[in-house]
Amino acid sequence: MGGSTENSALAKTTNPWNIDCVPGGSSGGSAAAVSSGSAIWALGSDTGGSIRQPASFCGVVGLKPTYGNVSRYGLIAFASSLDQIGPVTRDVTAALVLNAISGYDAKDSTSIPGARVDYTTALVNDVQNLKIGVPKEFFGEGLNSEVRKAIEEAIETYKKLGAEIVEVSLPNS
(Lines give C-alpha, C1' and ligand atoms only; values in the text may rest on other atoms or scores of the structure.)
Protein backbone atom coordinates (compact mmCIF):
# COMPACT_ATOMS: atom_id res chain seq x y z
CA MET A 1 0.00 0.00 0.00
CA GLY A 2 1.08 3.58 -0.48
CA GLY A 3 1.99 5.81 -3.34
CA SER A 4 5.57 4.84 -4.10
CA THR A 5 6.45 1.12 -3.59
CA GLU A 6 9.45 2.24 -1.53
CA ASN A 7 8.27 0.26 1.50
CA SER A 8 7.74 -3.16 -0.01
CA ALA A 9 8.03 -6.43 1.87
CA LEU A 10 10.43 -7.63 -0.83
CA ALA A 11 12.47 -4.74 -2.24
CA LYS A 12 12.14 -1.18 -3.47
CA THR A 13 10.78 -0.99 -7.02
CA THR A 14 12.19 1.67 -9.32
CA ASN A 15 10.74 3.35 -12.36
CA PRO A 16 12.28 1.78 -15.49
CA TRP A 17 12.42 5.19 -17.19
CA ASN A 18 14.42 6.76 -14.36
CA ILE A 19 15.69 4.61 -11.49
CA ASP A 20 15.85 7.69 -9.25
CA CYS A 21 12.05 7.93 -9.49
CA VAL A 22 9.31 5.76 -8.04
CA PRO A 23 6.93 3.80 -10.28
CA GLY A 24 3.96 4.75 -8.12
CA GLY A 25 2.23 2.41 -5.75
CA SER A 26 0.88 -0.09 -4.82
CA SER A 27 0.77 -1.73 -8.23
CA GLY A 28 4.08 -0.08 -9.10
CA GLY A 29 5.72 -3.46 -9.59
CA SER A 30 3.12 -4.42 -12.19
CA ALA A 31 3.51 -1.10 -14.02
CA ALA A 32 7.31 -1.25 -13.90
CA ALA A 33 7.33 -4.84 -15.20
CA VAL A 34 5.10 -3.97 -18.16
CA SER A 35 6.89 -0.70 -18.87
CA SER A 36 10.32 -2.35 -18.87
CA GLY A 37 9.15 -5.12 -21.20
CA SER A 38 9.55 -7.80 -18.52
CA ALA A 39 5.84 -8.64 -18.85
CA ILE A 40 3.36 -8.31 -21.71
CA TRP A 41 0.63 -7.45 -19.22
CA ALA A 42 0.08 -7.61 -15.49
CA LEU A 43 -2.69 -7.31 -12.97
CA GLY A 44 -2.88 -4.71 -10.26
CA SER A 45 -5.19 -3.87 -7.41
CA ASP A 46 -6.69 -0.40 -7.26
CA THR A 47 -8.35 1.16 -4.25
CA GLY A 48 -7.72 4.86 -4.75
CA GLY A 49 -5.54 4.98 -7.85
CA SER A 50 -3.10 2.14 -7.30
CA ILE A 51 -3.31 0.88 -10.89
CA ARG A 52 -3.84 4.21 -12.60
CA GLN A 53 -1.12 6.22 -10.82
CA PRO A 54 1.70 3.72 -11.43
CA ALA A 55 0.58 3.32 -15.05
CA SER A 56 0.86 7.06 -15.56
CA PHE A 57 4.24 7.22 -13.80
CA CYS A 58 5.60 4.42 -16.01
CA GLY A 59 4.01 5.43 -19.31
CA VAL A 60 1.70 2.45 -19.70
CA VAL A 61 -2.06 1.86 -19.64
CA GLY A 62 -3.79 1.03 -16.36
CA LEU A 63 -7.49 0.35 -16.01
CA LYS A 64 -9.71 0.23 -12.94
CA PRO A 65 -12.82 -1.70 -14.00
CA THR A 66 -16.33 -0.95 -12.81
CA TYR A 67 -17.00 -2.35 -9.33
CA GLY A 68 -18.22 -5.95 -9.55
CA ASN A 69 -17.04 -6.44 -13.13
CA VAL A 70 -13.89 -8.38 -12.20
CA SER A 71 -13.84 -10.92 -9.40
CA ARG A 72 -12.00 -9.94 -6.26
CA TYR A 73 -11.91 -13.53 -5.03
CA GLY A 74 -8.49 -14.01 -3.44
CA LEU A 75 -7.77 -10.29 -3.07
CA ILE A 76 -6.86 -9.12 0.39
CA ALA A 77 -8.99 -6.00 0.56
CA PHE A 78 -7.69 -2.64 1.76
CA ALA A 79 -11.04 -0.86 1.50
CA SER A 80 -13.50 -3.46 0.30
CA SER A 81 -16.03 -1.16 -1.34
CA LEU A 82 -13.30 0.51 -3.43
CA ASP A 83 -10.95 -2.36 -4.32
CA GLN A 84 -10.79 -3.62 -7.88
CA ILE A 85 -8.48 -5.85 -9.89
CA GLY A 86 -7.49 -4.47 -13.27
CA PRO A 87 -5.03 -4.82 -16.14
CA VAL A 88 -1.79 -2.96 -16.84
CA THR A 89 -0.62 -3.10 -20.47
CA ARG A 90 1.68 -1.20 -22.83
CA ASP A 91 -1.27 0.03 -24.91
CA VAL A 92 -5.04 -0.25 -25.23
CA THR A 93 -4.80 -4.04 -25.39
CA ALA A 94 -5.97 -3.62 -21.80
CA ALA A 95 -9.39 -4.21 -23.40
CA LEU A 96 -8.32 -7.74 -24.37
CA VAL A 97 -7.13 -8.51 -20.85
CA LEU A 98 -10.34 -7.05 -19.41
CA ASN A 99 -12.32 -9.35 -21.72
CA ALA A 100 -10.45 -12.30 -20.23
CA ILE A 101 -10.77 -11.38 -16.56
CA SER A 102 -14.24 -9.84 -16.38
CA GLY A 103 -17.47 -11.67 -15.76
CA TYR A 104 -19.53 -13.15 -12.99
CA ASP A 105 -17.85 -15.19 -10.26
CA ALA A 106 -20.04 -17.02 -7.74
CA LYS A 107 -17.13 -16.93 -5.27
CA ASP A 108 -17.33 -13.11 -5.09
CA SER A 109 -20.57 -11.78 -3.56
CA THR A 110 -20.01 -8.39 -5.22
CA SER A 111 -19.60 -9.89 -8.70
CA ILE A 112 -22.22 -8.68 -11.18
CA PRO A 113 -24.14 -11.42 -13.04
CA GLY A 114 -25.11 -10.93 -16.65
CA ALA A 115 -23.89 -11.11 -20.20
CA ARG A 116 -20.21 -10.57 -20.86
CA VAL A 117 -19.18 -7.43 -22.70
CA ASP A 118 -16.58 -7.26 -25.48
CA TYR A 119 -14.48 -4.24 -24.48
CA THR A 120 -12.52 -4.31 -27.72
CA THR A 121 -15.56 -2.92 -29.56
CA ALA A 122 -14.79 0.45 -27.92
CA LEU A 123 -11.40 0.57 -29.62
CA VAL A 124 -11.58 2.72 -32.72
CA ASN A 125 -9.02 3.97 -35.22
CA ASP A 126 -9.77 7.64 -34.68
CA VAL A 127 -11.23 10.11 -32.21
CA GLN A 128 -13.59 11.79 -34.68
CA ASN A 129 -16.71 12.91 -32.76
CA LEU A 130 -15.34 11.60 -29.46
CA LYS A 131 -16.33 13.86 -26.57
CA ILE A 132 -13.58 14.41 -24.00
CA GLY A 133 -14.38 16.08 -20.68
CA VAL A 134 -11.61 18.21 -19.18
CA PRO A 135 -12.19 19.08 -15.50
CA LYS A 136 -11.49 22.77 -14.94
CA GLU A 137 -10.51 22.09 -11.32
CA PHE A 138 -7.47 20.13 -12.52
CA PHE A 139 -5.85 23.32 -13.82
CA GLY A 140 -5.60 25.15 -10.52
CA GLU A 141 -2.77 26.21 -8.28
CA GLY A 142 0.09 23.75 -7.98
CA LEU A 143 -0.08 22.32 -11.49
CA ASN A 144 3.45 22.02 -12.83
CA SER A 145 3.93 24.27 -15.89
CA GLU A 146 5.42 21.42 -17.95
CA VAL A 147 2.45 19.20 -17.12
CA ARG A 148 0.03 22.00 -18.01
CA LYS A 149 1.79 22.53 -21.34
CA ALA A 150 1.73 18.79 -22.16
CA ILE A 151 -1.98 18.54 -21.36
CA GLU A 152 -2.80 21.64 -23.41
CA GLU A 153 -0.82 20.24 -26.36
CA ALA A 154 -2.69 16.94 -26.07
CA ILE A 155 -6.02 18.79 -26.02
CA GLU A 156 -5.06 20.68 -29.18
CA THR A 157 -4.03 17.42 -30.87
CA TYR A 158 -7.37 15.82 -30.00
CA LYS A 159 -9.21 18.87 -31.38
CA LYS A 160 -7.24 18.66 -34.65
CA LEU A 161 -8.15 14.97 -34.91
CA GLY A 162 -11.86 15.79 -34.60
CA ALA A 163 -12.61 15.25 -30.92
CA GLU A 164 -14.91 17.61 -29.07
CA ILE A 165 -13.33 19.03 -25.92
CA VAL A 166 -15.84 19.95 -23.22
CA GLU A 167 -14.95 21.75 -20.00
CA VAL A 168 -16.58 19.97 -17.06
CA SER A 169 -16.66 20.69 -13.37
CA LEU A 170 -15.76 18.22 -10.64
CA PRO A 171 -15.95 20.57 -7.63
CA ASN A 172 -15.39 17.86 -5.03
CA SER A 173 -12.37 16.31 -6.69
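Me: Helices here are DSSP runs of H or I with at least four residues, and they are numbered from the N terminus. With that in mind, where do Lys-159 and Glu-156 lie?

Reply: In this predicted model, both residues belong to helix 4, which spans residues 145-160, and they are three residues apart, about one turn of the helix.

Me: What makes the contact between Lys-159 and Glu-156 a salt bridge?

Reply: The rule asks for a side-chain nitrogen of Lys or Arg within 4 Å of a carboxyl oxygen of Asp or Glu. The closest N and O atoms of Lys-159 and Glu-156 are 3.4 Å apart, so the pair falls within the 4 Å limit and is called a salt bridge. As background, side chains of opposite charge can pair when their charged atoms come close.

Me: Why are Lys-159 and Glu-156 described as they are in terms of relative accessibility?

Reply: Under 20% is buried and over 50% is exposed, with partly exposed in between. Lys-159 stands at 43% and Glu-156 at 39%, and therefore each is counted as partly exposed. Elsewhere, salt bridges that share partners join Asp-46, Arg-52 and Lys-64 into one network.

Me: How do you know that Asp-46, Arg-52 and Lys-64 form one network?

Reply: Asp-46 is the shared partner: with Arg-52 its closest N and O distance is 2.8 Å, and with Lys-64 the corresponding value is 3.9 Å. Because the limit is 4 Å, the pair with Arg-52 qualifies, and so does the pair with Lys-64. Since Asp-46 lies in strand 1 (residues 41-46) and Lys-64 lies in the loop between strand 2 (61-62) and strand 3 (84-89), this second pair ties together parts that are 18 residues apart in sequence. In the whole structure, the search finds four salt bridges.

Me: Is Asp-46 buried or exposed, and which label does Arg-52 carry?

Reply: Asp-46 has a relative accessible area of 0%, and because this is under 20% it is buried. Arg-52, at 39%, is partly exposed, and Lys-64 is also placed in that class, at 26%.

Me: What makes strand 2 and strand 3 a pair?

Reply: Pairing requires at least two bridges between the strands. Two bridges join strand 2 to strand 3, so the requirement is met, and the two strands run antiparallel. As for one bridge partner in strand 3, Gly-62 has Val-88. Helix 1 (residues 28-36) packs on the sheet, where it touches strand 1 and strand 3, and its direction makes about 155° with that of strand 1.

Me: Why are certain strands called edge strands in the open sheet?

Reply: The three strands are arranged in the order 1-3-2, with antiparallel pairing. Strand 1 and strand 2 are the edge strands, as each pairs on one side only. Helix 3 (residues 94-101) lies across strand 1, strand 2 and strand 3, and runs at about 145° to strand 3.

Me: What is known of the largest pocket and its lining?

Reply: About 270 Å³ of space lies in the largest pocket. Its lining has 13 residues, and those closest to its centre are Val-134, Phe-139, Ile-151, Ala-154 and Ile-155. Strand 4 (131-135) and helix 4 each supply at least two lining residues, and helix 4 gives the most, with six.

Me: Why are Thr-5 and Asn-129 given opposite labels, buried or exposed?

Reply: Thr-5 has a relative accessibility of 12%, which is under the 20% limit, so it counts as buried. Asn-129 reaches 66%, which is over 50%, so it counts as exposed. Neither is a glycine, yet phi is positive in both, at about 65° for Thr-5 and about 70° for Asn-129. Thr-5 lies in the segment before helix 1, whereas Asn-129 lies in the loop between helix 3 and strand 4.

Me: How do you know that Ser-111 is buried, and which residues does Ser-111 touch?

Reply: Its relative accessible area is 6%, and because this is under 20%, Ser-111 is buried. Leaving aside residues up to four places away in sequence, Ser-111 touches Gly-68, Gly-103, Tyr-104 and Asp-105. Its C-alpha atom is separated by 8.0 Å from that of Arg-72, 39 residues apart along the chain.

Methods
Residues numbered from 1 in each chain as written. Predicted model: local features only at pLDDT ≥ 70, side-chain atom pairs only at ≥ 80, totals over all residues. Heavy atoms only, no water. Buried < 20%, exposed > 50% of the residue type's maximum accessible area, 1.4 Å probe, protein only. Contact = heavy atoms within 4.5 Å. Axes fitted to C-alpha atoms, helices over the stretch in contact; angles between N-to-C directions. 1 Å grid on protein atoms, 1.4 Å probe; cavity = no way out; pocket = protein on both sides within 12 Å on 5 of 7 lines; lining within 4 Å. Points joined across faces, edges and corners; volume = space filled by probe spheres on them.
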